[in-house]
Amino acid sequence: MNDQQLLRYSRHILLDPIGIEGQDRLLASRALIVGAGGLGCPSALYLAAAGVGTLVIADDDDVDLTNLQRQILHREHSVGRAKVESARETLHDINPGTEVIALKKRLAGDELLEQVAAADVVLDCSDNFATRHAINRACVRHRKPLVSGAAIRFDGQAAVFDLRRPDSACYHCLFPEGEDIEEVRCAVMGVFAPIVGIIGTMQAAEALKLIIGCGTSLDGRLLLLDGLAMEWRSVSLGRDPGCAVCAREPRPA
Ligand SMILES: [Zn+2]
C-alpha cells in the first residue's frame, strides 16, 4: 500500500482482525455481484469503498425511475442507461482504486462458471429463483463462498453458503429447485426501501469477512428479518445429504 492507501484504509487497518494484512487481501481480491438492483447497490458500495480490488457486476437491466426509491447507486440522470454502467460510474467516484467490470447481461452457462471460478466470493443479489439456482450450482462446482440475500415488502433474509467447507449446505439444500415456492417480485409486491439496504449491507459485511478470513461467517445460518416489527430470527441450516446439487459434487474430506 502507498501512503494514500494507508490513509484511506486506516480505519480498517486499526482493527486487529483486519490490519494491513487483511486490507492487502481486500485489495488483491475479486468479488462477483450478480444483480445491480436493491441488494447489489449497497453491496457494491461497501465492497468498493472498503477497497476490494476488482468488482465484477452483472445485470442486464436499464435504470428505471421506479428503481431510484431503493437502488442507491443509480442517479436520476442515469434513467434509461444500463444499471451496470451507472453503477460503475458511481463506484468510480467513490473509489477509483477499485476496478469495476460491468457486464450488461444475464450471466449464464459457461460465462457464469468462468466468472464464479475467477471470483474469491460471490454475492447473489438477483431477484429470481432460476438465477439463484444457477449461481448456486456454479459456486458448488467451483467451491466458492456464496453470500445470498433476498428482500420483499418489509421482509429480508441473508445466508452464507461457504462451499469451500465440506460440511456446508448449499442454496439448493435450503430451497430445492422445482418445489412450489411462490416467486414474488418487487415490481408486483413492493419493497420498503431500507430493507434492501440492510440485507445488501449484511451481504457486503459477510463477503468482506470471508475475503479477509476474520470472525465467524453466517455459514450454516439463515437470518430472517421482519422489518415491520424490526425483529430478527436465526435458523440453523444443515446440509441435505440427498441434495441434487451438492451431494453429487465431490468435496474435499
Ligand atoms: Zn445442497
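Modeller: One term before we start: a donor here is an N, O or S atom within 2.8 Å of the metal. Also keep in mind that this is a predicted model.

Colleague: Fine. Which residues are the protein donors of the zinc ion?

Modeller: The atoms to look for are SG atoms, lying 2.3 Å from the zinc ion. That is inside the 2.8 Å cut-off for a donor. They belong to Cys170, Cys173, Cys243 and Cys246.

Colleague: What spacing do the donors of the zinc ion follow along the chain?

Modeller: Go along the chain from Cys170 through Cys173 and Cys243 to Cys246. The spacing then reads C-x2-C-x69-C-x2-C.

Colleague: How many residues apart in sequence are the parts that Cys173 and Cys243 tie together?

Modeller: Cys173 sits in helix 8, residues 171–174, while Cys243 is in the segment after strand 8 (231–236). The pair therefore ties together parts of the chain separated in sequence by 70 residues.

Colleague: And what arrangement do the four donor atoms around the zinc ion make?

Modeller: Look at the angles: the donor atoms subtend 97 to 120° around the zinc ion. For four donors, the cut-off is that all angles lie between 85 and 135 degrees. So the arrangement is tetrahedral.

Colleague: Is Cys243 buried or exposed?

Modeller: Anything under 20% relative accessible area is called buried. Cys173 falls in that class with 12%. Cys243 has a relative accessible area of 2%, so it is buried.

Colleague: Let's turn to the cores. Which helix supplies the largest share of the largest nonpolar core?

Modeller: That core has 43 residues, and Leu47, Leu55, Ile57, Leu91 and Leu123 have the most contacts inside it. Its largest share is nine residues, and they come from helix 10.

Colleague: How many residues does the other core have?

Modeller: This one lies apart from the largest core, and it includes Leu113, Val116, Ile135 and Ala159. Its residue count is 30.

Colleague: Now the charges. How many salt bridges are there?

Modeller: As a rule, side chains of opposite charge can pair when their charged atoms come close. The cut-off for a salt bridge is 4 Å between nitrogen and oxygen. The count here comes to 13.

Colleague: Which residue forms a salt bridge with Asp60?

Modeller: Asp60 is partly exposed, at 37% relative accessible area, and it lies in the loop between strand 2 and helix 5. Its partner is 46 residues away, in the loop between strand 3 and helix 6. The closest N and O atoms are 3.7 Å apart, and the partner is Arg106.

Colleague: Is Asp124 buried or exposed?

Modeller: Asp124 forms a salt bridge with Arg132, with 3.3 Å between the closest N and O atoms. Arg132 has a relative accessible area of 6%, so it counts as buried. Asp124 comes to 1%, so it is also buried.

Colleague: Which residues are linked in a network of salt bridges with Arg165?

Modeller: Arg165 is partly exposed, at 38% relative accessibility. One of its bridges spans 3.5 Å, N to O, to Asp167. The residues linked with Arg165 in the network are Asp167 and Asp219.

Colleague: How far apart in space are Arg153 and Met189, C-alpha to C-alpha?

Modeller: Arg153 is in the loop between strand 5 and strand 6, and it is partly exposed at 34%. Met189 is among its contacts, along with Gly190, Val191, Phe192 and Ile195. The two residues are 36 residues apart in sequence, but the C-alpha distance is 6.4 Å.

Colleague: Is Thr54 buried or exposed?

Modeller: Thr54 lies in strand 2, residues 54–58. Beyond its sequence neighbours, it contacts Ser29, Arg30, Ala31, Glu99 and Ile101. Its relative accessibility is 15%, so Thr54 counts as buried.

Colleague: One last thing: what is the phi of Met230, roughly?

Modeller: Met230 is found in the loop between strand 7 and strand 8. Arg143, in the loop between helix 7 and strand 5, has a positive phi of about 50° without being a glycine. Met230 is not a glycine either, and its phi is positive, at about 50°.

Terms used. Residues are numbered from 1 along each chain as its sequence is written. This is a predicted model: local features need pLDDT of at least 70, side-chain atom pairs count only at pLDDT 80 or more; totals for chains, interfaces and linings use all residues. Side-chain values use heavy atoms; hydrogens and water are left out. Helices (H or I, at least four residues) and strands (E, at least two) are DSSP runs, numbered from the N terminus. Buried means under 20% relative accessible area, exposed over 50%, partly exposed in between (1.4 Å probe, protein chains only). Contact means heavy atoms within 4.5 Å. Donors are N, O and S atoms within 2.8 Å of the metal (3.2 Å for Na, K and Ca); water is not among the atoms, so sites may look incomplete. Four donors count as tetrahedral if all angles lie between 85 and 135 degrees; four count as square planar and six as octahedral if opposite donors are over 155 degrees apart and all others between 65 and 115; anything else is irregular. A nonpolar core is a set of buried Ala, Val, Leu, Ile, Met, Phe, Trp, Tyr and Cys residues joined through side-chain atoms within 4.5 Å. A salt bridge is a side-chain nitrogen of Lys or Arg within 4 Å of a carboxyl oxygen of Asp or Glu. Lists of a residue's contacts leave out its neighbours within four places in sequence.
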